[in-house]
Amino acid sequence: MDNKSTVDLSWDEFDELRQPRADTSDFDAVVDRAISRRGFLGGVLAFGSGAAVFGSGVLGSATSARAASAVFGFEPIGIATDFDIHVPAGYEWRPLVRWGDALFSEAENAYSAVDGVPADMSDKVFGENTDGMETFEKDGHVLLAINSEYVNPKINLPAEAEGVPQTAEQVQMLKNMQGVTVVEVADQGEGWRVVVDSPFNRRITHDTQMTMSGPAAGSDLVKTNADPAGMSPLGTMNNCGSGKTLWGTYLTCEENFNGYFGTTQEREATAEEKRYGIGGEGRYAYEKFDPRYDLSVEPNEPHRHGWITEIDPTDPNSTPVKHTALGRFKHENAEMVQAADGRIVVYMGDDERGEFMYKYVSNGTWAPGQPTEGLLSDGTLFVAKFNDDQTGEWLALTPETTGMSIENILVFSRLAGSKVGATTMDRPEWIAAHPHRAEAYCALTNNKNRGVKTNAGGDETPVGGPNPRETNRYGQIVRWKPEGGDHGAAKFAWDLYVMAGNPDVYDNAYGGSDNVTAGNMFNSPDGMAFSSDGLLWIQTDGDDSNEGDFAGMGNNQMLVGDPDTGEIARFLTAPNGAEVTGLTWTPDRKVAFVGIQHPGGHWPDGEGKPRSSVIAVWRQDGAVFG
């Protein structure tokens, strides 16, 4: 890893390069639970009467993923290792929009298979490395809000730059290709396409004017030389997962923001900066050309990022709002539900090894047609504590429980979570809530440091609870049911819906739970979404080497699971090198839009540069998707 350029590193590798974790060897709580698969699962995950609560889950009888499923309505597909997309018989796919595709007529011929996109057109085309997305409607228009998480400088920059920007113009180009795209799409008789020059089309980049809400807005922690009031940050960055409010706006989630900041002068990182992996050189050399990203000039600028940002896709003149009440950390996505008494609840994961799961609960209540002011700025932030007996509770992060001011709690939420003893998790990624009952799921994608190293704050990462495997390279999905069926409740019961694994390589816990077979195995669950029929769609971002521990797993993929039976089937495989991330549907649910990030080879054009894209997938008979 030391011989790699920082732009070649994964975000996890970048974090460990920036702040190596201290090795530990005296975890009394670490025990070897990797006995036989059935013994492990029966002893650790049995829910007693929980089968009546959650369905049979991991203890249900698994069916072969090669057989047609009456529940899913398609014949599951096998693995793939090539540079193409594969879907079941009876389905078709095509690219909807690719990095560099024009949103406006002036950029129609901007993209070149050799040179990419010129700087002056980089904010007028679809962004790079698509991620979370949601569908919206406005007066019969169908709109997509789509994240562009990060860039691939070795692909995006001229060859002579060798993956590192050499000028301010090149930095500006990279800044423009990230953030959020709002785009109108329509089926004009030849399949779904972008509506070029739609008045709704909009790019929101690292330089777009924003505002802030909540208790940390305007505090000394977010004031800068350029914004002494601390209320007008510029830009949203490293936009990973997404969410949709109950009132129809978009929530974009700022994840690995730490990698964009560096320093041009030697300085010692603070304890708070170290917890967030901030310091040293930035990943993209922004600090060399823009003082806003230079920690020696603007040490508070990183505090203005790492938030949930709300965007109104239906109003191209609206100002995005960063909601500080929801906490600052590496947000994966934001899943909004409602408590029994009408309060707003937002579930969130902090995607780093050994970090926490959070929940925000508003003080105010809401019903359709009522005002939304204050719902995401006035409330309480909670962090999850999972117990080994399959119970859990949400711990309030307040000045009384943490000894921190409310501003410090929100800007440094990780430190607050450590103070109350939250459970360190195996990289909490997307959270999805069941559409028909009070039940939620979180993808814990993997954690090679489980039981081996502390997190960045020195919190232990013992084996147990929802993180039951040491050096967990495969991941799992935890689910919970709030007490009384109320998302606003402080307590919950939990189990594991699935433990990913490789049954061809292991016959113990690392082979996965009983609903993982040779025909449906996968690793590193990441993106998740429920369709309106109550099925759980699972997208992966894992090791696609097809070697060693990952032999037979093929490329990254999208699967679908039945929450009641535990059955899981493979629906789609991605090109080698790609992550499958982001999923939404047309309003009639006849077409699914799926994100394909950082593909390898020459996908999807067959020549030239690989292009991150959103694809459309539909049934050939025109029926409802799934």
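**Salt bridges, a hairpin and a charged patch**

Both D101 and R611 are buried. In this predicted model, the side chains of these two residues form a salt bridge, with an N to O distance of 3.1 Å. The contact ties together distant parts of the chain, 510 residues apart: D101 lies in the loop between strand 1 (91–98) and strand 2 (130–138), and R611 in the loop between strand 26 (591–597) and strand 27 (613–619).

A second link of this kind joins R414 and E355, whose side chains meet in a salt bridge at 3.8 Å, N to O. Here R414 belongs to helix 9 (residues 413–419), while E355 sits in the loop between strand 13 (343–350) and strand 14 (357–365), 59 residues apart. R414 counts as buried because its relative accessible area is 0%, and E355 is likewise buried at 0% relative accessibility.

The salt bridge between R343 and D341 (2.9 Å, N to O) has another setting. R343 is partly exposed, with a relative accessible area of 23%, and D341 is partly exposed at 44%. Across the whole structure, 30 salt bridges are found. A network of salt bridges links K175, D207, D227, D290, R292, E301 and R304.

Turning to the strands, six of the six residues of strand 17 (residues 428–433) are buried. Strand 17 pairs with strand 18 (residues 440–444) in the antiparallel sense over four bridges, and A432 has Y441 of strand 18 as its bridge partner. Six residues connect the two strands in a hairpin.

On the surface, E106, E108, D120, E169 and D197 form a patch of negative charge. Of these, E169 is located in helix 5 (residues 168–176) and counts as exposed, given its relative accessibility of 55%.

Methods:
Residues are numbered from 1 along each chain as its sequence is written. This is a predicted model: local features need pLDDT of at least 70, side-chain atom pairs count only at pLDDT 80 or more; totals for chains, interfaces and linings use all residues. Side-chain values use heavy atoms; hydrogens and water are left out. Patches are made of residues with over 30% relative accessible area and no salt bridge: like charges are joined within 9 Å, nonpolar side chains (Val, Leu, Ile, Met, Phe, Trp, Tyr) within 5 Å. Accessible areas come from the Shrake-Rupley method with a 1.4 Å probe; for residues, only the protein chains shown count as cover. A salt bridge is a side-chain nitrogen of Lys or Arg within 4 Å of a carboxyl oxygen of Asp or Glu. Lys and Arg count as positive and Asp and Glu as negative; His and the chain ends are not counted. The place of a charge is taken as NZ of Lys, CZ of Arg, CG of Asp or CD of Glu. Buried means under 20% relative accessible area, exposed over 50%, partly exposed in between (1.4 Å probe, protein chains only). Two strands pair if DSSP finds at least two bridges between them.
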